Amino acid sequence: MPLASTETPPAPSQDWTAPVAASALDAIVEVPGSKSLTNRYLVLAAVAESSSVVRGWLRSRDTLLMVSALRALGARIEEVESDLHIRPIDFTSGDSSAVSIDCGLAGTVMRFVPPVAAATGREVHVDGDPQARVRPMGVTIEALTRLGAQISSDSGSLPLTIHAGSALRGGHLDIDASASSQFVSGLLLAAPVMPLGLDLVHSGDSVPSRAHVDMTLEVLADAGVDVTEPEPEHWVVEPGLPRGLDVQVEPDLSNAAAFLAAALATHGRVTIPDWPAHTTQAGDGFRAIAVAFGGTVSFDRSGLTVTGPRRLRPVDLDLSAIGELTPVVAALAALAPGTSHLRGIGHLRGHETDRLSALRRELGAIGADVEEHPAALTITGSHLRPGTWHTYHDHRMVMAGAVIGLKVSGLVIENAGTVAKTLPEFAQLWEAMLDSED
């Protein structure tokens, strides 16, 4: 059975008045599969030595863009009873036809797909949404060029063209991935296809969102790839294709963070079923964040449960390893009496939008006192007022606005449909959670 349409234009503009919590929440929220894991499994399946099955995958704009990109490169991907069945790319086919790939605004597509594309030897044109053209890509372009690809890009970003005849030989490579961990993950995922494997060294400030690199290393190892980290931020991948996968995707813990934040904001209780006992997802870091705000966390067979405090505490948090949680954490900080400090988040300026500036503008516009620093935010909570919460085509800004809206009647979230990037059913899940109030 063919996969349902992968036509993935940006979600239409639609405003959403965030619902207010009239009382403490008491809800169970089932969160769909992880976007980060879905797209990593898809790339590995596309370069594997045999066919794969990915179960419990997330259907969202980012993942459908990945499916479309890998199909364009020669992978056969079909949906059978809600599971994805993937037949890998034949790198020996000699197919020289040119293809075009749409990245949308998906960092995983724009950083993970070009290395695979270069390994096919085909001419591949890569572009995305207008906002994608300002996201950093220079590290990927330079790295692939040094590994043997021929790439044209007028601006060192999208759009770019990988020319026919490119080949990735592999070997030793030094990069500076301090702007995004995706530069590391994209190269590691394609490394098994390279005849010499890859000896990759990061030189520069620490790699941000380190949990995402750990996730990549784990999925590579689970697929039988010989990958090691002999010293910090030095990775060695031996040549040899991954074996075919048959995997169940974990719930997306970063998407779950917004729902758990709702428990904290309302002195309520929210349970996320099927929370993994072991995971490399960055969203698992929300457990410690919940405690820092004064909440309690319990974990048992029913899942992970967060219970909110009577009064939120201000926090001082280093979010460098789990930066994607910052918008939701900033929303809670704005609701907490006192002054909170969120540090280690300078890399968020290169995400879907400059998240530090966006959060400063939007929180400030509704009454919070926010100081923006090069790699940090200082937020002093106060009585917030309603207004329009702009989202900048950023799914995490939608989630942050929803958390604020629990306590601020009349907050209108502009272009809320952009949350389809990673969780198309977010508004429905959010409203169903509120229907479970005590």
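Trainee: What relative accessible area does Arg 396 have?

Mentor: The model is predicted, so its local features need pLDDT of at least 70 and its side-chain atom pairs count only at pLDDT 80 or more, whereas totals for chains, interfaces and linings use all residues. Residues are numbered from 1 along each chain as its sequence is written, and side-chain values use heavy atoms, with hydrogens and water left out. Arg 396 is placed in helix α11, residues 395-405, where helices (H or I, at least four residues) and strands (E, at least two) are DSSP runs numbered from the N terminus. Arg 396 is buried, the word for under 20% relative accessible area, as exposed is for over 50% and partly exposed for what lies in between (1.4 Å probe, protein chains only), and the value for Arg 396 is 6%.

Trainee: With which side chain does that of Arg 396 share a polar contact of 2.8 Å?

Mentor: Not counting residues up to four places away in sequence, Arg 396 touches Ser 254, Asn 255, Glu 324, Pro 327 and Arg 355, where a contact means heavy atoms within 4.5 Å. A polar contact is a pair of N or O atoms within 3.5 Å, and within protein one must be able to donate a hydrogen and the other to accept it, while residues adjacent in sequence count only if both atoms are side-chain atoms. The side chain that meets Arg 396 in this way, at 2.8 Å, belongs to Asn 255.

Trainee: Which "binding site" residues does the lining of the largest cavity include?

Mentor: The unreviewed UniProt entry lists Lys 35, Gly 107, Arg 135, Gln 182, Arg 355, Arg 396 and Lys 421 under "binding site". The lining of the largest cavity includes Lys 35, Gly 107, Arg 135, Gln 182, Arg 355, Arg 396 and Lys 421. On a 1 Å grid over the protein atoms alone, a cavity is a set of points where a 1.4 Å probe fits but cannot get out, a pocket is an open set with protein on both sides within 12 Å along at least five of seven lines, and lining residues have an atom within 4 Å of a point. UniProt positions follow the numbering used here, feature names are shortened, and annotations may be inferred rather than shown by experiment; the residues asked for are thus Lys 35, Gly 107, Arg 135, Gln 182, Arg 355, Arg 396 and Lys 421.

Trainee: What is the relative accessible area of Lys 421?

Mentor: Lys 421 is found in the loop between β23 (412-413) and α12 (426-434). Leaving aside its neighbours within four places in sequence, Lys 421 contacts Ser 60, Arg 61, Asp 62, Leu 105, Ala 106, Glu 352 and His 395. Lys 421 is buried, with a relative accessible area of 5%.

Trainee: How far apart in sequence are the parts that Phe 259 and Phe 426 tie together?

Mentor: Rings of Phe, Tyr and Trp (its six-membered ring) pair if their centres lie within 6.5 Å, with planes under 30 degrees apart counted as stacked, over 60 as edge-to-face and the rest as tilted; the count is 4 aromatic pairs. The rings of Phe 259 and Phe 426 have centres 5.5 Å apart and planes at 55°, so the pair is tilted. Phe 259 lies in helix α7 (residues 253-266) and Phe 426 in helix α12, so this pair ties together parts whose separation in sequence is 167 residues.

Trainee: Which residues form one aromatic cluster with Phe 259?

Mentor: Phe 259 is buried, at 0% relative accessible area, and Phe 426 is likewise buried, at 1%. The rings of Phe 259 and Trp 430 have centres 5.4 Å apart and planes at 50°, so the pair is tilted. Trp 430 is itself buried, at 0%. The cluster joins Phe 259 with Trp 16, Phe 426 and Trp 430.

Trainee: What is the positive phi of Ser 82, which is not a glycine?

Mentor: Most residues other than glycine have a negative phi, and most peptide bonds are trans. Ser 82 is in the loop between β4 (76-80) and β5 (83-87), and it is exposed, at 51% relative accessibility. The phi of Ser 82 is positive, at about 75°.

Trainee: How many residues of helix α9 are buried?

Mentor: Helix α9 spans residues 326-335, and its buried residues include Thr 326, Pro 327 and Leu 335. Helix α9 is largely enclosed by the rest of the structure, because its buried residues number 10 of the 10.
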